[in-house]
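I opened this model to look up a few local features. My entries follow in the order in which I checked them.

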Amino acid sequence: MEDEALGAAPISLPTGPHSFTQRLEGLASAVRARSDLVPRIGIVLGSGLGSVADALIDVTAIPFSELPGWPAASAPGHAGRLLLGQLEGVPVACLQGRLHLYEGHQARLVVEPVLLMGWLGARVILLTNAAGGIGAGFAAGTLMVIADHLNLTGTSPLSGPNDDRIGTRFPDLVDAWSPALRALLHECGQAEGIELAEGVYAGLTGPTYETPAEVRMLRTLGADAVGMSTVMEAIAARWAGLELAGVSLITNPGAGVTGQPLTHEEVLTAANEAGPRLSRVVRRFVRALGADGASVQGG
Ligand code: HPA
């Protein structure tokens, strides 16, 4: 009873110089006990992207809670499973749901799913999310290729001793969001007849939506979209040398833009409405990468 009232005990992770590799070795052997699939692409499916998961074949689905040290996903609309299977004939890993800072998780735990997909073999990571629109051209229903991000969470998944078996102490984030993969996303959108915008994603911790003053601040800072995920994962992916791409599905105008309160239901409804369009882009993107080889950066 008391435990339920307090929520689950926080998960405590090791913090030594090789703690990421230790954790990933344990996680990977738990996955390998269930599947030997080597993914070429790792995809994080945000709200509304269930139809990508439905298109996977020969799937092994592992609930987060069955992997050592991972909690069940608690966010509504997030299934919380790692899926390994074939999408458009390409071996992929998909996260159906993700871990968030607002659930109380440490940043280093939030990024383990993305690092694990890389550890299992993925060279490309595609992050998707639902986000509020900040800029004038970012109305609800817009699909926005992420060109860059603002990490406004006040934290980093890389604080603490650096695990230099994975990446360098001071990773560069210029062109973190691969220009080649961004161009490929636009090509895929065009081929599907689906318009894609491009812009800057601001990541905050949540779980409150922003105040109208914060949305005005974000506009001044150059953000086009705002959300509560993605930036920790992006930082970790680049640290680990993975090629990175992302798409935000704009579900609502940022707080204060319309004068109406924001609700999670509104976000989920809009995500479910636009999700199938994003799914088509994602599937074509996977197909294109599968045909070209998993890396567009220097083969
Ligand atoms: N703010 C933060 N996160 C979000 C929003 C928003 O307006 N919409 C969907 N996720």
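**Ligand shell.** I sorted the shell around the ligand by class and got seven nonpolar, four polar and one charged residues. Here Ala, Val, Leu, Ile, Met, Phe, Trp, Tyr, Cys and Pro count as nonpolar, Asp, Glu, Lys and Arg as charged, and the others, Gly among them, as polar. This is a predicted model, in which local features need pLDDT of at least 70 and side-chain atom pairs pLDDT 80 or more, while totals for chains, interfaces and linings use all residues. Residues are numbered from 1 along each chain as its sequence is written, and side-chain values use heavy atoms, with hydrogens and water left out.

I listed the residues around the ligand, taking those with a heavy atom within 4 Å of it. They are A130, A131, G132, Y209, E210, V226, G227, M228, T251, N252, L262 and V267. Which strands each supply at least two residues of the shell? I found β5 (124–133), β8 (225–227) and β9 (243–253); β5 gives the largest share, three residues. Helices (H or I, at least four residues) and strands (E, at least two) are DSSP runs, numbered from the N terminus.

**Polar contacts of the ligand.** I used pairs of N or O atoms within 3.5 Å; within protein, one must be able to donate a hydrogen and the other to accept it, and residues adjacent in sequence count only if both atoms are side-chain atoms. A polar side-chain atom of E210 lies 2.8 Å from a ligand nitrogen. For A130, a backbone N or O atom is 3.4 Å from a nitrogen atom of the ligand. In the side chain of T251, an N or O atom is 3.5 Å from a ligand nitrogen. The protein covers 95% of the 250 Å² of accessible area that the ligand has on its own. Accessible areas come from the Shrake-Rupley method with a 1.4 Å probe; for residues, only the protein chains shown count as cover.

**Helix α8 and its ends.** Is α8 enclosed or open? Eight of the nine residues of α8 (residues 231–239) are buried, so the helix is largely enclosed by the rest of the structure. Buried means under 20% relative accessible area, exposed over 50%, partly exposed in between (1.4 Å probe, protein chains only). I noted the buried ones as V231, M232, E233, A234, I235, A236, A237 and W239. T230, in the loop between β8 and α8, has a positive phi of about 75 degrees although it is not a glycine. T230 is buried too, at 1% relative accessible area. After α8 comes G241, with a positive phi near 80 degrees.

**Other backbone entries.** Most residues other than glycine have a negative phi, and most peptide bonds are trans. D175 is not a glycine, yet its phi is positive, about 55 degrees. I place D175 in the loop between β6 and α6 (179–192), partly exposed at 47% relative accessibility. The peptide bond joining G206 and P207 is cis, with omega about 0 degrees. P207 is in the loop between β7 (197–203) and α7.

**T142.** I found T142 in the loop between β5 and β6 (143–151). T142 counts as buried at 15% relative accessibility, and its side chain reaches the backbone oxygen of A139 at 2.6 Å.

**M217.** I located M217 in helix α7 (residues 212–221). M217 is partly exposed, with a relative accessible area of 41%.
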